[in-house]
Amino acid sequence: MLIVSLRRGSALCALAAVLAAPAAAQMFLDPRGVLDGLAAEKAGPTVRSMQQSGSFNVNGSQALSLLDLPTVDVQVGFEADTALLSVQGMVSLRSVAMALKAPEMEGQRFQVAGHYVSASDQNQAASQPISARRAQAVVRHLTSFYGIAPDRLVPFGYGATDLADQMNPASPANTRIELINITAQ
Amino acid sequence: MLTGTLRALCAAIVILAGPALAETRVALVIGNSAYQHTTPLANPENDARDMAAKLSSLGFDIVEGYNLGLDELEDTVRSFAREASRADLSVFYYAGHGMSVDNINYIVPIDATLESEIDWEFEVYEVERILRYVQRANHASLIFLDACRDNPLADKLALLQGMGTRSISNRGISRIPTETLGTTGTVIAYATEPGQVASDGAGKNSPFTAAVLNHIGAANTDFAALTSRITRDVLASTDNVQRPRFDISLTGELFLNKVDTPITTSEVTEPTTPAPAQDTNLAVANLTVQTAIFEAAQASDDAADYQAYLDQFPNGPFAPLARNAIERLTRVASVPTDTETTVTDVATGPSIEQEQVTRMMSTPLELTATPAVQAQPANADTLRALNLDDRKRREVQLRLTLANIPVGAIDGDIGPTTRRGISAWQTQNQLQPTGYLNASQLEILMANTDAAFRSHMAANPTALDAPVRRQPAQVSTGTSSSSSSNNSGGAAAAAAAGVIGGVILCKALNC
């Protein structure tokens, strides 16, 4: 199965190939899909024109929902309603780490975007802190265990503000981690 | 060894090495029936005498003792220790009452009263002490503990106020951490799953000992193959109620009865059992263990888990299935199957090779304490920040237990005992022993105990459901699943942990 992230109405589809064995089984995240989806040339027209005019200045500590940046969705497992990574989540991050350490990603910077919808509170407020903590947990894990430089990753919690599946807030697709390439080219 | 050479020379005929007579074999056999302060047991003495006779016929020098008080037990073990130091293969067989307090296993001598919360420790004998003598000799060893019978003395002990919340099993021993057994080839055989009650038997022998006696002398049969026959017999004679457990980490074949008659390969084993694998690096475990691990792999459908099975049992019955599964998963991973969307320009050239990806997929995740992790504080605040709920705290305790760290009861209470365990675990993992976890440390613990944990949960789905906190005035007799988790692990965990050691047969610890 391929998980496609359609970024903010732009024409850009950045995608990560997430290959799944039969339903509910553990997924294996192919690092090559991550690498591919984050490639700088995946930027959409808005970002490209900003890059060209020199007005692109993104530090990652704000919502990037309006920008057509190269993005991949990663299914990172957490324990329900916590920011504790599951082992499956850590296995996914091992793939992410392999991608981030590939030579062509050297020096590139990413926003690590946490998305989370609280089951009890789908009107957002309770969702933001957990989404932020999840993003922080991903950054900590990648920098602690895989030696990714901390200044390459900026955690940010979107809460329930940017749902992948608007029609169905409870969808698991809404609980996800995105990597967004924010490198100025 | 002779066997290998001749096999190489002559494909059709296998000539087994001349009776292992060059090899020195020593057995310690103890049977305690005549308990002075509780109901005597009918069978342990018979069991032990029959076992001694059988082992003697297999070329063992026997150090034996029946109905031993503590002093005689000490003396007997001391003589064994001397003998074992020169042995190539040693067996320890115990039938009688055993018990476990805070996961430490004890043999109960016949003169024990267990009436005082202070004195009891001076009345019993630590099983692990004997294992040290076995291990010091640096040779393969088999330990049979048939001590899983209902133990009224332990019940009495548990009732003493002074025992507080110590975890006492009235069903004999708990599982022995296999890491204590060295790397010389080990089998630990228990009459039943630790924490379950084994039958003393209505006849002359307990069902377990009867089955062992029946099969242990089978000619030219690898011990690993015997375990399934023993299991089959015990299940049959107990209406499937009692299932022996074997923690096996042999590094090669072990023949208790080698016969040097030239025989053709097809006659080496009984037709009812598969031929023992000939791979000398084979680690074998019984079918129950293999099934649990394989089922855990199926549940996750993760190539790394199938590989974990193969690492343990390269020639196991599920090995072909596991290999097929890995091939399937690897193929799926390398060929995007969804054509709805296009994977565009991978043309940049694969800076990540297929081989790298395949290797990563088939390697279980293992995290190590990097300098960055070592630098992260771990204290009461970081533990609190993890906000672990009750179940997760029990999970932490269970995972520590599966890592062979004693933490006392799996009760969700991160108290002094658990913190001591955390410190021990931290030391093992090159971390400051603070007794408190932080997020990265929790991740190391979770990742590195994953296979063992999933095997355990597959075998004990309710292991984390109910706290095993013992009520002050009663012994928790009804929580076999939780007490077995308390006992850390089970064979699956041991196998998954890849321990290599000697043979311990726990048949006779009347658990």
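## The main core

The largest nonpolar core takes in 102 residues, and the ones with the most contacts inside it are A:V96, A:V112, A:V138, A:L179, B:Y306, B:Y309 and B:A322. Helix α3 of chain A, residues 87–100, gives the most to this core, with 8 residues. Keep in mind as you look around that this is a predicted model.

What does B:Y306 touch, leaving aside its neighbours within four places in sequence? B:Y306 is in contact with B:A297, B:A322, B:A325 and B:I326. One of these, B:A322, is itself on the list of residues with the most contacts inside the core.

## A second core

Apart from that core lies another, of 73 residues. Among them are B:A27, B:L131, B:V212 and B:F223. As a general pattern, nonpolar side chains in soluble globular proteins tend to be buried together.

## Around strand β2 of chain B

B:A27 is a good way into the next feature. Strand β2 of chain B covers residues 25–31, and 7 of its 7 residues are buried. Both faces of β2(B) are covered. On one side sit B:R25, B:A27, B:V29 and B:G31, while B:V26, B:L28 and B:I30 are on the other.

Which strands does β2(B) pair with? One is strand β3 of chain B, residues 60–66, which runs parallel to β2(B) and is joined to it by 7 bridges. In that pairing, B:R25 stands opposite B:F60. Another is strand β4 of chain B, residues 89–101, also paired in the parallel sense, over 7 bridges. Here B:A27 has B:V91 as its bridge partner. Helix α2 of chain B, residues 44–57, joins the picture too: together with β2(B) and β3(B), this helix makes a right-handed β-α-β unit.

## Two residues with a positive phi

A couple of loop residues have a backbone angle worth a look. A:D81 has a positive phi of about 60°, although it is not a glycine. You'll find A:D81 in the loop between β4 (71–74) and α3 of chain A. That α3 is the helix that gives the most residues to the main core.

B:L114 is not a glycine either, and has a positive phi of about 50°. B:L114 is in the loop between β5 (104–107) and β6 (125–126) of chain B.

Are these two residues buried or exposed? A:D81 has 14 C-beta neighbours inside 10 Å, so it counts as partly exposed. B:L114 has 26 other C-beta atoms within 10 Å, so it is buried.

## Chain B as a whole

Stepping back, chain B has 511 residues, and 54% of them count as buried. Its secondary structure comes to 19 helices and 12 strands. Among its contacts between residues at least 6 apart in sequence, 74% join residues at least 24 apart.

## How confident is the prediction?

The model scores ipTM 0.86 and pTM 0.47. Chain B has a mean pLDDT of 73, with 68% of its residues at 70 or more. Where is confidence in chain B lowest, and where is it highest? Strand β1, residues 13–14, is lowest at a mean of 29, and helix α16, residues 439–448, is highest at 96.

Two stretches of chain B call for some care. Over residues 1–21 the pLDDT is below 50, and beyond near neighbours in sequence this stretch has 25 contacts in the model. Over residues 469–511 the pLDDT is also below 50, and this stretch has 214 contacts beyond near neighbours in sequence.

Definitions and conventions
Residues numbered from 1 in each chain as written. Chains lettered and ligands numbered in written order. Predicted model: local features only at pLDDT ≥ 70, side-chain atom pairs only at ≥ 80, totals over all residues. pLDDT = per-residue confidence, 0-100. Helix = DSSP H or I, 4+ residues; strand = E, 2+ residues; numbered from the N terminus. Contact = placed C-beta atoms within 7 Å. Buried ≥ 20, exposed ≤ 12 C-beta atoms within 10 Å, placed from the backbone. Core = buried A, V, L, I, M, F, W, Y, C linked by C-beta atoms within 7 Å. Pairing = 2+ DSSP bridges. Right-handed = clockwise from strand over helix to strand, strands pointing away.
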